[in-house]
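Me: I would like to go through this model with a few questions on confidence, one residue and one pocket.

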Amino acid sequence: MTEPLLGSGRSERIPATPAAAGAADPGAPRRSEILAALSLAIDLGLGQPMEHMLRGTLLGLRLADLAGVEPAGRGRIFYANLLAWIGCHADSFELAALFGDDIGFRADYYTVDARGLPMLALLLRHTGSGLAPLRRAERRTRFAATATTAVRTLIRSHCTSAGQLANRVGLDESMPNILSHTFERWDGKGLPAGRTGVEIPLEMRIAQLADAAEVFLRTGGVDAAVATVKQRRGTQFDPQLADLFCAHARALTRDLLELDPWPAVLAAAPADVPLSGPELDSVLAAIGDFADLKSPYTIGHSRAVAALAAEAGGEYGLDAGEVEMLRRAGWVHDLGRLGVSNGIWDKKTPLSYVDRERVQMYPDLSERILGRVPGMRRAAAIAGAHRERVDGSGYPRGRDGAQLDPSQRILAAADAYQGYLEPRPHRPALTPEGAGQRLRAEAGAGRLEPRAADAVLLAAGQGVRRRPVHPSGLTGREAEVLRLLCRGMNNRQIADALYIAPKTARNHVEHIYLKIGAGNRVSATLFALDHGLWDRAGG
């Protein structure tokens, strides 16, 4: 392989400033560790077992070494493999609306060479999943007429989200462009831009092949992986890379399913240093924001919980170090939600027994994911207990007050209070007063610790309404429309909520996009998060 890497002269990642790097604790997590942990959550959203992306990364690096890729390009291949699907959860709400189970759809996506009739058959098979037969048939008929536009919109949103998160976690400036090619194909029949051949960065061509090959290797062995790569040679995959993989498949995949991929991946990571406190906080806050994008009902939830829990920790009397841990746990406590389908999270009817079982596993997933990073284990322990209750009625482990420390009790109360302030598919948001009453009732019933609940209510400052911030020249009405847009409402739903005409709602949305420079709901939501407009308790 003699083709030079695109942008190969760039640095592997954005370096820390000397001052920030000097402030880092030697035991603090590294960026590569945090993003490797994030990849475990991405796996769950793809319907794959945890460590799929880790093994795919190792396979991609082995293929890169065989192809003679130089060190700087190898560093970009590391993150391209690890995070190729990083934007997948941001379109889960829309994906579930079309296909019922967003995670099940993504799992099945691996089984087809995503083009032509096989792809259309996959789309139609999932369209209207869970609906009654007649409604499902109607939904399939409507979708068939608009499939290309709908899928293009979803993929464009995915690529935009992936690029924005790559920027927020401090990756190399070339990474957003690389990640924007996740769904492009060698034959030019991919999306969103229809790039072809070497127009697709080599880093992504390697990531695409390694990602799919790992799935077939794990489920069917080396022969199945080789057969799939041969079948997709020249369509999805670069022919030269496909030939290289097939010629050396047994060497490339040796021990890949037997070794522990976590230490192997970190040993292969581009050189980086422990993150300073502000750097770590920035990365964790970005991850929390993007985890919340999984559903418009949770936009800004983690950011709000982190701030509220930290303030409550001070009221409770925790020391500064534990307050910092509490804040960090708040940012990422819901990361495990990526492992549960939006077909469950966004359901307006009562959950089934199986649905409840799936929901009750997500805090444990958060703890398992975060706990892989040594410097995050305390935050992971706090995050994993945020749905536990002091009377033992919570989940995932049914721990009681004797098994819950003050930080865990505070995060549970903060998460509950903030959740009451937010709408859910089955109920509207409560007012701050109503949320306070419900929190006191939960404490009075023995489910939450009264002292922790009191600290949260003091931190919340009930009855104090802050004036909303309207950046970029947004009017008060446009700020209202933006909040509703972030919840996933369309123009007609916004119009109904605000008692205005649909045309007026559409005009407001167009003006908002123009003023804030956004091109889709995800970009608008991130703008709202950055400027405090997600705060539903605000005016």
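Me: Where in the chain is H89 found?
Reply: This is a predicted model. Two helices frame the position, α4 (71–83) and α5 (92–99). H89 is found in the loop between α4 and α5.

Me: Does H89 count as buried or exposed, and why?
Reply: Buried means under 20% relative accessible area. The relative accessibility of H89 is 5%, so H89 counts as buried.

Me: Which residues is H89 in contact with, leaving aside its neighbours within four places in sequence?
Reply: With those neighbours set aside, the contacts of H89 include R106 and L338. The full list is R106, F290, A291, L293, K294 and L338.

Me: Which helix supplies the largest share of the lining of the second largest pocket?
Reply: This pocket has a volume of about 970 Å³. Of its 35 lining residues, V359, R387, Y395, R424 and H426 are the closest to its centre. Helices α18 (342–345), α19 (353–359), α22 (406–421) and α23 (432–444) each supply at least two lining residues. The largest share, four residues, comes from α22.

Me: How many charged residues does the lining of the second largest pocket have?
Reply: By class, twelve lining residues are nonpolar and nine are polar. The charged residues in the lining number 14.

Me: Over which residues does pLDDT stay under 50?
Reply: The protein averages a pLDDT of 89, and 93% of the residues score at least 70. For the stretch under 50, the model has 49 contacts beyond four places in sequence. That stretch is residues 1–22.

Conventions:
Residues numbered from 1 in each chain as written. Predicted model: local features only at pLDDT ≥ 70, side-chain atom pairs only at ≥ 80, totals over all residues. Heavy atoms only, no water. Buried < 20%, exposed > 50% of the residue type's maximum accessible area, 1.4 Å probe, protein only. Contact = heavy atoms within 4.5 Å. 1 Å grid on protein atoms, 1.4 Å probe; cavity = no way out; pocket = protein on both sides within 12 Å on 5 of 7 lines; lining within 4 Å. Points joined across faces, edges and corners; volume = space filled by probe spheres on them. Nonpolar A, V, L, I, M, F, W, Y, C, P; charged D, E, K, R; others polar. pLDDT = per-residue confidence, 0-100.
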